[in-house]
Structure formats: C-alpha cells, structure tokens
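Work through the exercises below with the structure open. Each task is followed by a worked solution.

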Amino acid sequence: MSRIFWCLFFTAWPILGIVVSVISPQMNWGFPDNRESATPLGERIDDLFYLILCIVTIAFIGTMVVLAYVLWKASKNEDEKGWFSHGSHNLEVIWTIVPAGILLFIALYQMDVWAIYRVRDYDLKQQNSPRLNNLVAEVIARQFEWRIRYPAPGTVFKSKKQIDDWLAKPQAGDLYTVNHLHVPLNKETLIYLKSGDVQHSFFVPEMRVKQDAIPGQNIDIWFTVNRAGDFDLTCAELCGWGHYKMRGRVTAIEDFSGFLQKLKAEQDFDGISKSAGEIAATGQTQEVTR
Amino acid sequence: MSTQNPADAVQVNSDGTVAQHADHHGHPELTFLQKYIFSTDHKVIGVQFLLTTLLMLLVGGSLALGVRWQLAWPWQSMPFFGQRFAAEGGQISPEFYTMLFTMHATVMIFLVIIPVLAGAFGNFLIPLMIGADDMAFPRLNMLSYWFMWPAIICFGMSMHFGGGPAGGWTSYPLLTALPEAAPGSGVAQTFWLLAVTFIGVSSMMGSVNYLTTIINMRAPGMTLFRMPLTIWGMFITAILQAFALPVLTAAGFMLVFDRGLAGLSGDIHTCFFTPSEIVVNNAAPTVGGGQPLLWQHLFWFYSHPAVYIMLLPAMGMVSDMLATMCRKPIFGYKPMAYSMAAIAGLGFIVWGHHMYTSGMNPALGMTFMTSTIMIALPSAIKTFNWLGTIWGGKIRFNTVTLNCIAFVSLFVVGGLSGLFMAAVPVDIYIHDTYFIVAHFHYVLFGATLFGVFGAIFFWFPKMFGRMMNERLGKLHFFLTFLGANGAFFPMHMLGVAGMPRRYADPYIHPYLEHLMPMNQFMTVSAIVMGLAQLLLIGNWIYSIFWGPKVGRNPWNANGLEWVAPSPPPHGNFEEVPTVYRGPYEYSSPLVEGRDFLPQTEVLAPSASADTDDDH
C-alpha cells in the first residue's frame with residue numbers, strides 16, 4: 001500500500017509541475033504582460049529561452065518517467081535478491097556522448113545573440129561612423145534614482161574621442177531628467193551607463209535588457225526598441241536599503257528630437273518670459289533653420 | 001546481520017599498517033568536559049557539528065520566514081517575531097529586510113550546509129568508513145569545531161550592531177567597502193567579514209585534516225577504488241576547499257583593509273576595490289584607483305567551487321544510501337567517482353557565469369558559458385547512474401529512501417534550470433531575478449538538504465545506537481517535500497515574470513503587482529516547511545533517548561562503519577578491519593541467504609578470487 005503511494009507520489013509531482021508550467025502563460029505568470037519583447041534582440045533571447053525550455057522539458061519528462069518506472073519495478077520486485085549489476089559500459093558511453101552533444105549545441109547556438117548584444121566591435125573607433133550619433137543619453141544610477149543626461153539637441157559626434165569628452169564632464173547645453181529615459185522608436189539607441197555611488201543594474205524587463213553599472217566605469221549598451229510606449233525600469237543589483245524603490249520608466253517615442261526640444265524649453269524656462277510651450281515651438285523652428 | 005570476526009582478517013592480510021593502528025586501546029578515563037565538550041574524538045565532534053548546524057538551520061529558516069512574510073504581506077506587522085525584531089510596530093523596515101536576506105543566505109551557507117556536510121558527516125564518517133581509529137589530527141579537528149563559535153558570535157554581533165549587514169551574502173563593494181553606503185555597511189559589515197574569515201579558518205582546518213586522513217589512514221585493503229562514494233565526495237570537497245578558500249580569505253582581508261583597517265581608523269585604508277571620486281551619501285569623495293569587479297572575481301572564484309562543496313558530499317552520501325536501500329551495487333561506480341572529479345575540476349573555471357551582466361570583458365562570457373554548460377554533463381551522468389542504481393533493485397521505502405529519491409528528483413530540476421542561466425543571452429534577462437533563486441534553492445534545499453535529512457536518518461543508529469522514528473520521519477519528509485516545492489517551484493515563474501531578487505516590496509512596480517497572490521501561496525508553503533523541521537528536531541532528540549536500540553548493522557549494509565559497534569567507542573574498531581572488496585556488493589550471488597556482503601568479510605578462497613570487483 002505505502003509502496004504504491006510513494007510511487008504515485010514521485011510520479012505525481014512532476015506532472016503537477018508540468019501542468020503548472022503549461023498554464024503559466026494563461027495565468028500571466030510568464031514574461032511581463034505575457035507579451036514578446038519590445039526589442040528584436042529580446043525576441044531572439046525569448047526564442048533561445050523557449051529552445052532551452054523544450055530541451056529541458058524533454059529531459060525532465062524523460063528522467064521522471066524513467067524514475068517512476070524503475071521505482072515501480074523495484075518496489076514490486078518479488079525476487080529474493082536485487083539485480084547484481086555494477087553498470088553497463090555501453091550505457092555510460094551513450095549517456096555521456098548524447099548529452100555532451102546536446103549541451104555543446106546549446107552552448108554554440110547561443111553565441112551569436114551574445115555577440116550581437118555585447119561583443120561585436122561596436123565600430124565607434126572609426127571616424128564618422130554612422131553609429132556615433134546613436135548616442136542618446138548617459139544614465140547615472142545612484143541611491144536610489146536614475147539621472148539621465150542627454151546631449152544638447154543638435155549635437156553631432158564625429159569621433160569616439162568626442163563622446164569620451166562629453167562623458168567626462170557635463171556640457172553647457174546638456175539636458176537632464178530623473179527616472180524617465182526617452183529613447184527613439186525603431187532606431188538603434190546607444191546609452192552609457194555610470195554609477196554615481198555603489199553598484200546598480202539597469203534592467204528593463206519588457207526589453208530584456210540588463211547591464212550592471214559599475215562605479216568608475218562607463219559601460220555602453222545598445223538596443224533598438226520597436227514598440228512605442230512606457231516600460232518599467234528597475235534596478236537589478238543590490239544597492240542599499242532602497243534597492244526596491246529605484247523605479248524608473250523608459251519611453252520609446254517616434255519624435256525623439258521633438259522631445260529634446262520640449263525638454264530644452266522646459267529646462268530654459270525662467271518663469272517670466274513666454275510659457276514653456278511657446279518656447280518649445282520657437283525652439284523647434286530655430287533648430288530647423290540652423 | 002552477521003559480522004565476522006575482524007581478528008581473522010588481520011591475520012590474513014596484515015601488511016605493517018596494522019601494528020600502527022592496533023595501539024589505541026586502553027584509553028585513560030576522560031572527564032565529562034574532555035569527553036563531550038572539548039573532545040578530540042571525531043564522532044563527538046561530528047555530533048557537535050550536527051547539533052550546531054541543526055540549531056542554525058532553525059535560525060536560518062526563521063530569517064527566511066521573515067523574508068517570505070514581507071514578500072507576501074509587505075509592511076504588515078509580523079506575527080510572533082514582530083515584537084522581538086523590528087523597530088516600529090512589528091514592521092519589517094527596508095534595511096531590516098536587507099539584513100534578513102543577507103543573514104538567511106549567510107547562515108544557511110556558512111553555518112548550515114557547509115558545516116553539516118563536511119563538519120558533521122565528514123567528521124563522523126571519514127574515519128569510520130575508511131577503517132581508521134580517528135582523524136589524522138584530532139586536536140586540529142577539535143579546533144575546527146571551536147572556530148565556528150567565534151564566527152557565530154561575530155555574525156550575531158553583526159546582526160545586532162549597526163542594523164545588520166546590508167550587502168547580501170555576496171557583499172559586493174562599494175556597498176560593503178564604504179561604511180557610509182548603507183545603514184548596515186558600518187561596523188556590521190566588519191563583523192560579518194570577520195565571521196566569514198573565522199568560518200574559513202574552521203573549514204580549512206577541517207579540509208587539511210580530511211585530506212590527510214583519507215590519503216594516509218585507510219585500513220589495509222581499502223584502495224582508492226574501494227572507497228565508498230561518500231568518501232570520494234568528502235575527498236574531492238576537501239581538495240576544493242583547500243584550493244579555493246585562501247582566495248576568499250585574502251579577498252575578505254582586502255575588503256577589511258579597504259574599509260579602513262577594520263574600522264579602527266577611516267583615514268588609513270587601502271583601495272583595492274574603491275575607484276576614485278565616488279560620493280556616497282554626501283561623504284567625502286573617495287580616492288584611489290581600485291576596481292569593484294576585482295571583488296566579484298575573487299569572491300566567485302571561491303564561491304562557485306563552494307556550490308560544489310555544498311553538493312558533492314551529499315551526492316556521495318545519497319549514492320551510498322540508495323545502493324543500500326535498493327539492495328544493489330551502485331550503477332557505474334567509477335563513472336560516479338570520475339564525474340565528481342570532473343564537476344570539481346570544471347567548478348574552478350566557471351565562476352564568471354555569475355558575472356555575465358557585470359561589465360567584465362564580454363568575450364569572457366562565451367568562455368564561461370561553454371565551461372558552465374559542460375558542467376551539466378557530469379551532473380547528468382550522475383543522475384543517470386542513480387536511476388540505474390534503482391533499476392532492478394529491491395527497494396525499501398523507508399525515510400532514508402524517500403529523502404534520497406527526493407534528492408535525485410529535485411536535483412534534476414535544479415540542474416536543468418541551471419542551463420537557462422548558463423546560456424549568456426538568456427541570463428541577461430533572468431540574472432538576479434527569482435529564477436536564480438529558484439535554481440539554487442532546488443540545488444541547495446531540494447538536493448543537498450534532502451540528502452542530509454536522509455543521512456541523518458541513515459547514520460543515526462551508528463551515532464547513538466538507536467533508530468529514529470519512521471512514522472515521524474515520513475511525515476517530516478512528506479510535509480517538507482510539499483512545502484519545499486510549493487515555496488520554490490513558483491519562483492521559476494516569478495523569475496520569468498521579471499521579479500528581481502532582494503526587493504523589499506516588488507509590488508510598487510506595476511508589472512509585478514499581479515504576482516502577490518502567488519507570493520502569498522509560497523509563503524504559506526514556506527511556513528509549512530519551516531514547521532515541519534520541528535518534527536525532525538523533535539524526532540532526533542526523542543530518538544536519542546527513547547528510540548529502539550539496534551545492533552551494529554541495522555540496515556544490512558556493507559560499509560566499514562557497520563562493522564564497528566553502535567555507537568562506536570573511542571578508537572572505533574575493536575580490531576583494525578581489513579578490506580576485501582568494494583562497499584557495494586549487495587545481492588551478490590557469492591553468498592547464500594542474505595543480500596549483502598560486508599567489505600571485511602572473508603569468503604572461501606575459491607570464491608574470493610572472483611570478488612575483487614572494482615568495476
């Protein structure tokens with residue numbers, strides 16, 4: 001009786017686990033909002049996730065079925081003694097080589113996405129690289145907020161050195177926001193990540209983007225957002241008692257330069273002259289004529 | 001249940017080592033203090049370690065329940081512990097919450113899992129299983145236990161002064177290097193680092209001792225490939241510890257120096273990890289050109305092998321228990337031993353997988369990904385061999401067996417979920433989310449602790465000469481298994497939903513709001529699991545005094561420890577045992593009427609020619 005119970009017990013819980021996993025997306029226990037990523041690279045990350053999930057599920061079901069079977073057989077064994085066997089060389093070879101192949105495949109198959117995400121030379125060293133002007137902002141993480149610095153509207157970077165100079169110290173025309181980062185829609189965005197005090201991590205779950213901000217380092221990250229809207233920005237590296245409340249927002253908008261103009265108008269507003277809205281309007285025309 | 005007379009064995013196979021071992025009889029009368037407190041007997045030290053770690057298990061579990069309470073019902077006043085701990089209204093404040101998860105991890109890793117495996121079972125089992133009378137260095141062994149107490153005291157000081165350590169168990173600088181960085185980064189952090197150093201000293205003394213003992217003090221005939229897999233696990237663990245620990249100790253001292261010579265003077269300090277011109281909480285800007293990433297490399301160079309320190313001995317013990325309870329030789333003994341060695345070897349070159357998103361050179365991510373994914377291979381081989389061991393066995397469903405099967409079955413989950421994190425691109429997303437929390441709880445609780453529970457039941461008769469209560473044991477297993485899966489399985493979902501770890505209140509982020517009911521379910525499961533441990537402690541204490549008495553070999557097992565009396569006297573064996581075969585000759589056709597063949601048993605010459613079976 002108790003044998004049957006325990007055999008069923010060890011058979012039942014993996015089934016329950018699989019059922020819970022299968023219903024997860026419907027219960028909204030999956031990726032944020034149960035939606036695909038807001039960046040193309042994020043979609044590839046999701047694909048890799050599901051690929052590993054498939055392999056892992058097959059391996060899990062396989063081992064659990066075998067476990068249930070051997071338990072069942074061993075519990076019903078009516079022989080006087082167990083099977084006197086010290087193993088099988090052939091089986092060892094098989095279950096070494098087959099998983100090794102699968103694992104190696106997983107490892108090699110992942111390389112490409114990582115290469116695009118981080119490794120491939122970002123090509124800023126060349127003069128007039130078109131990517132130089134993908135620079136959108138510098139994000140400084142500090143306890144417990146995100147400070148964002150945009151270059152002055154119309155700034156053109158001609159070399160990596162100019163970027164480094166800009167990063168090294170604040171410039172007169174820079175624009176600032178706190179906890180709210182705007183990025184252009186459908187255009188590659190380059191961000192430099194800094195820490196003002198301790199270690200933080202820039203994490204936008206809906207975009208599948210995560211990078212630690214290390215004190216003393218400028219770390220560049222790049223991504224393309226292809227869905228307009230607001231995304232939650234959180235901190236993923238313990239940074240003190242207020243770690244949980246480092247809440248920010250990333251907004252992807254079509255008219256990014258318009259946003260910068262508006263921000264400039266707000267920042268330049270001295271409280272007595274024309275209203276911020278009007279300055280924004282004139283500022284925009286000036287920009288066009290220049 | 002026959003044990004043959006080992007005296008015959010000595011005559012058959014004496015080879016010089018016998019004389020050296022035989023002189024430990026006629027010990028002088030010991031006082032109570034010498035016998036039970038400052039004992040140099042490895043068995044007493046093992047039991048001392050076991051008692052201490054069980055106590056610390058309750059402490060670490062209570063801290064975890066504090067964490068779970070806050071995640072399920074944030075900012076609600078906490079029942080029971082509320083009046084004792086939290087400052088205002090029984091609420092858990094954010095800084096108290098950081099202390100809770102920091103100390104939960106610290107206590108569980110440094111005061112429960114590492115010492116219960118190496119300290120308690122390593123101490124108790126190594127001399128018994130290899131047929132030695134004691135450890136090579138009994139006094140060092142005693143010192144290794146007593147060095148735990150300064151560590152425990154320092155951890156206690158750390159919790160009570162300055163708000164408790166706030167850096168997480170990983171203690172990444174600058175949060176931990178600059179005393180102004182957080183409420184707990186002052187004196188609490190210094191005490192924490194001191195405590196970890198004490199624990200390191202304790203572990204190091206243990207590992208040197210285990211290595212020497214296993215290499216030099218094996219009984220006649222106990223070749224390396226006749227050692228039980230438990231001993232292989234302990235042996236490889238001791239090597240890991242001996243090589244990895246100095247790095248952590250050095251890193252700890254570097255951090256202490258960075259903090260201003262242990263807090264004596266903030267003006268005199270080094271800058272290993274502190275870059276210049278960092279301003280924390282309006283303190284003066286820092287000087288010096290240190291690099292915070294250096295700590296992460298040094299820390300994980302120890303702490304990744306430490307993960308295997310926390311697993312390999314349990315793997316070994318489960319192998320022994322499964323073979324005994326399935327009445328079958330272990331399936332693939334040598335592959336089992338080799339894969340443990342492979343795990344240990346690869347374990348030294350995978351530390352960077354904790355740092356994929358840290359900003360280290362990204363090309364390193366590819367190297368570490370390949371080595372990390374390949375470490376799944378020896379783990380898979382071990383799992384298949386455990387299944388092979390059950391295959392065709394004649395299984396006994398007792399508490400030991402149940403815990404061992406739980407070990408195998410939950411280790412599969414923990415191992416497979418590791419693949420997601422090993423893959424760098426996927427890890428970008430799930431790094432530092434609850435997915436990783438799910439993964440290491442399945443390995444450390446699901447595998448290691450279930451292995452330990454099994455081992456407690458299995459070797460209890462040898463420790464105290466009595467059996468533990470089966471009915472209570474099964475109930476404990478049932479509740480713990482349900483509670484553990486209820487608490488840890490949903491963590492996978494939380495991780496995929498993007499919930500970061502170490503958040504005092506995740507629900508202020510809109511995309512996490514809907515996960516509160518799931519967290520409440522997990523907390524209820526965790527409470528069930530926590531309460532179930534009282535059954536274990538109760539059963540343990542009850543059985544020491546009132547459990548049914550047993551003889552030398554209650555499980556009909558083959559290992560040398562079952563030749564000694566239960567409990568074994570000081571010096572362990574009446575005569576030095578001689579070993580004729582490996583420890584897994586269950587259901588051997590060479591003997592009639594019983595399904596076990598102890599390592600020391602002499603068979604008739606015609607038969608014994610065939611029994612030397614190392615394969």
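**Exercise 1.** Place A:Leu71 in its helix, decide whether A:Leu71 is buried or exposed, and list its contacts beyond the sequence neighbourhood.

Solution. The model is predicted. Start with the secondary structure: A:Leu71 sits in helix α2 of chain A, residues 40-75. Next, accessibility. The relative value is 0%. Buried means under 20%, so A:Leu71 is buried. Now the contacts, leaving aside neighbours within four places in sequence. In chain A they are A:Cys7 and A:Phe10. In chain B they are B:Ile390, B:Ile395, B:Phe397 and B:Ile405. Finally, take the pair A:Leu71 and A:Phe10. They are 61 residues apart along the chain, yet their C-alpha atoms are separated by 8.8 Å.

**Exercise 2.** Follow A:Phe10 into the largest nonpolar core and say where this core lies relative to the domains of chain A.

Solution. First list what A:Phe10 touches, not counting residues up to four places away. A:Leu71 is one partner; the others are B:Leu402, B:Ile405, B:Ala406, B:Phe477 and B:Phe481. Then go to the core, which has 286 residues. A:Phe10 is among the residues with the most contacts inside it, along with A:Tyr150, A:Leu181, A:Phe202, B:Phe121 and B:Trp459. Which helix gives the most to this core? Helix α5 of chain B (residues 94-130) does, with 26 residues. Domain 1 and domain 2 of chain A both give residues to the core, so it lies between them. Another core lies apart from this one. That core has 10 residues, including A:Leu135, A:Phe157, A:Leu190 and A:Tyr192.

**Exercise 3.** Describe how chain A is divided into domains and how the two parts meet.

Solution. Begin with the bounds. Domain 1 takes in 2-75 + 89-119, and domain 2 covers 130-254. Then take the centres over C-alpha atoms: they are 35 Å apart. Last, count the contacts. 16 residues of domain 1 are in contact with 16 residues of domain 2.

**Exercise 4.** Check the span of helix α3 of chain A, find its kink, and classify the ring pair A:Trp114 and A:Tyr117.

Solution. Helix α3 (residues 89-119) has 31 residues. From first C-alpha to last it reaches 42 Å, close to the 45 Å expected at 1.5 Å a residue. A kink of about 35 degrees is centred on A:Val113. Now the rings. A:Trp114 and A:Tyr117 both lie in this helix, three residues apart, about one turn. The search of the whole structure finds 78 aromatic pairs over all chains. In this pair the centres are 6.2 Å apart and the planes are at 20 degrees, so the rings are stacked. Both partners are buried: A:Trp114 at 2% relative accessible area, A:Tyr117 at 3%.

**Exercise 5.** Locate the cis peptide bonds B:Pro173 to B:Leu174 and B:Ser566 to B:Pro567, then the positive phi values of A:Asn28 and A:Arg208.

Solution. Recall the usual case: most peptide bonds are trans, and most residues other than glycine have a negative phi. B:Pro173 and B:Leu174 are joined by a cis bond with omega about 10 degrees. B:Leu174 is in the loop between α7 and α8 of chain B. From B:Ser566 to B:Pro567 the bond is also cis, with omega near -15 degrees. B:Pro567 is in the loop between α19 and α20. Turn to phi. A:Asn28 has a value near 65 degrees and lies in the loop between α1 and α2 of chain A. A:Asn28 is partly exposed, at 26%. A:Arg208 has a phi of about 55 degrees and lies in the loop between β6 and β7. A:Arg208 is buried, at 1%.

Terms used
Residues numbered from 1 in each chain as written. Chains lettered and ligands numbered in written order. Predicted model: local features only at pLDDT ≥ 70, side-chain atom pairs only at ≥ 80, totals over all residues. Heavy atoms only, no water. Core = buried A, V, L, I, M, F, W, Y, C linked by side-chain atoms within 4.5 Å. Buried < 20%, exposed > 50% of the residue type's maximum accessible area, 1.4 Å probe, protein only. Helix = DSSP H or I, 4+ residues; strand = E, 2+ residues; numbered from the N terminus. Domains from an automatic or database assignment. Contact = heavy atoms within 4.5 Å. Expected span 1.5 Å × (residues − 1). Bend = angle between axes of the 7 residues up to and from the residue. Phe/Tyr/Trp six-rings, centres within 6.5 Å; stacked < 30°, edge-to-face > 60°.
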